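Student: I would like to go through this model with you, term by term. Please set each value against its definition.

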Amino acid sequence: MLNRLETQSPDALLALIKLYADDSRTDKIDLGVGVYRTDDGDTPVFAAIKAAEQRLVDNQDSKSYLGPEGDMGFVNALMPYIFGDDATMGGRIAGMQTPGGTGAVRLAAALAQKAGLERLYMGTPSWPNHAQIFRDIALEFAPFEHAKADGTANIDDVLEAIRSAQPNSGILLHGCCHNPTGVEYTSAQWDAIGDAIAETGIFPIIDTAYQGLGDGLEEDAAGLRSVLAKVPEAFIAYSCDKNFGMYRDRVGAFYIMANDQAVLDKAFSNANALARASWSMPPDHGGSAVREILRDGELTRLWLDELDTMRERMRQVRTRLADAGQTGGVDLAPLGQQNGLFSVLPVSKEQVATLREDHGIYMAASGRINIAGLNMGNIDKFIAAVADVTG
Ligand code: LMR
């Protein structure tokens, strides 16, 4: 039976982790998978997480089951950061813990499909796993162009996609720090998107995986909040893997917004049933560590300081790249206006391969670079290599 299967290629992005590890050059640069790195190139455990984990070791008295919705202390503690002071937006939001942001996106897609969604509009390029998830559950997906060649948002294409959407369609939006382009919508553009969604009734799914790594925690939630204030129903997929540095612990949450309590309850019961059938219960450890941080003022401050440091460092890298301007055949100036961990360089697959083979610089074949992989010690080498390969 198993011989009927076709071999799948390994995930191209995750394959870079091994390729990079196997390269013996000491001046190699990893701009592949999206993890934050310090100026020394490390991805340390947050001090706030270490402290929270210590408290768990000292105080956690049971590891008994919690249920498909996971740790509701964690889920609720996050809500003011995502949705604002009125954390349930007037009682319209219910959430549950998921295995990472991917678990939340998967649950959102599966629940939307169960409720009759037939196709999902999605700006391209996007995180490659988005398309994989939608294809895997046989949800049709309709692309629109997220960004223009000058490195700004293609708002006309977004609005056209929303306005021309067929019935039973949804739209996937990145709440902030777009992966892979780093191209954000302005607040006027978010307003226009929210208005268009409200007019057409297309169902919004907002994936927020990098809150706090763009302009700031509040700033990065503004677009999402402006859409939610205008529409009757939505799904929100949330990841703590980056903004708490919990990558391999898989810490995420899925939120449902509905105007009617009975509808919200019904949708939540279906999300619970899908979660039970998928992973039964989410892994607990990361969520409990985040909960410990968010319910302690001192740990919360420590976490916020760590986030500030990360954001400021990435801003410095972006400024340095933007100052380089035209570099060979690539204009690096737009990277200064973009946000978050990623930007896309307009380079060919062949140029990506040459950067890897000749210069030990690892990036996705799409030209996506992880900004945090650059630092003041390797950025000049990177700029010179880009000039060399694209000039
Ligand atoms: C990335 O885009 O590099 C991260 O979200 C890691 C992943 O799972 O792909």
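Student: Where does Pro180 lie?

Tutor: Pro180 lies in the loop between S5 and helix H7 (187–200). Helices (H or I, at least four residues) and strands (E, at least two) are DSSP runs, numbered from the N terminus. This is a predicted model, in which local features need pLDDT of at least 70 and side-chain atom pairs count only at pLDDT 80 or more, while totals for chains, interfaces and linings use all residues. Residues are numbered from 1 along each chain as its sequence is written, and side-chain values use heavy atoms, with hydrogens and water left out.

Student: What kind of peptide bond joins Asn179 and Pro180?

Tutor: A cis bond, with omega at about 25°. Another cis peptide bond joins Thr124 and Pro125, with omega of about -5°. Pro125 lies in the loop between strand S3 (119–124) and H5.

Student: What is the phi of Cys177?

Tutor: Positive, about 50°, although Cys177 is not a glycine. Cys177 lies in the loop between S5 and H7.

Student: Which residues are around the ligand?

Tutor: Leu13, Val33, Gly34, Trp127, Asn179, Tyr210, Lys242, Phe342 and Arg368. A residue is near a molecule if one of its heavy atoms lies within 4 Å of it. By class, this shell has five nonpolar, two polar and two charged residues. Ala, Val, Leu, Ile, Met, Phe, Trp, Tyr, Cys and Pro count as nonpolar, Asp, Glu, Lys and Arg as charged, and the others, Gly among them, as polar.

Student: Why is the pair of Gly34 and the ligand called a polar contact?

Tutor: A polar contact is a pair of N or O atoms within 3.5 Å; within protein, one must be able to donate a hydrogen and the other to accept it, and residues adjacent in sequence count only if both atoms are side-chain atoms. A backbone N or O atom of Gly34 lies 2.7 Å from a ligand oxygen, so the pair qualifies. For Arg368, a polar side-chain atom lies 2.8 Å from an oxygen atom of the ligand. For Lys242, a side-chain N or O atom is 3.0 Å from a ligand oxygen. The protein covers 79% of the 260 Å² of accessible area that the ligand has on its own (Shrake-Rupley method, 1.4 Å probe).

Student: What makes an open set of points a pocket, and a closed one a cavity?

Tutor: The grid is 1 Å, over the protein atoms alone. A cavity is a set of points where a 1.4 Å probe fits but cannot get out. A pocket is an open set with protein on both sides within 12 Å along at least five of seven lines. Lining residues have an atom within 4 Å of a point.

Student: Where does the ligand sit?

Tutor: In the largest pocket. To sit there, more than half of its atoms must lie within 2 Å of the pocket's grid points. The largest pocket has a volume of about 930 Å³. Of the 39 residues that line the largest pocket, the closest to its centre are Gly34, Val35, Lys242, Tyr247 and Arg250.

Student: How many cavities of 30 Å³ or more are there?

Tutor: Three. The largest cavity has a volume of about 40 Å³. Among the residues that line the largest cavity are His146, His174 and His178. Strand S5 (residues 169–174) gives the most to that lining, with three residues. By class, the lining of the largest cavity has four nonpolar, four polar and no charged residues.

Notes: Points joined across faces, edges and corners; volume = space filled by probe spheres on them.
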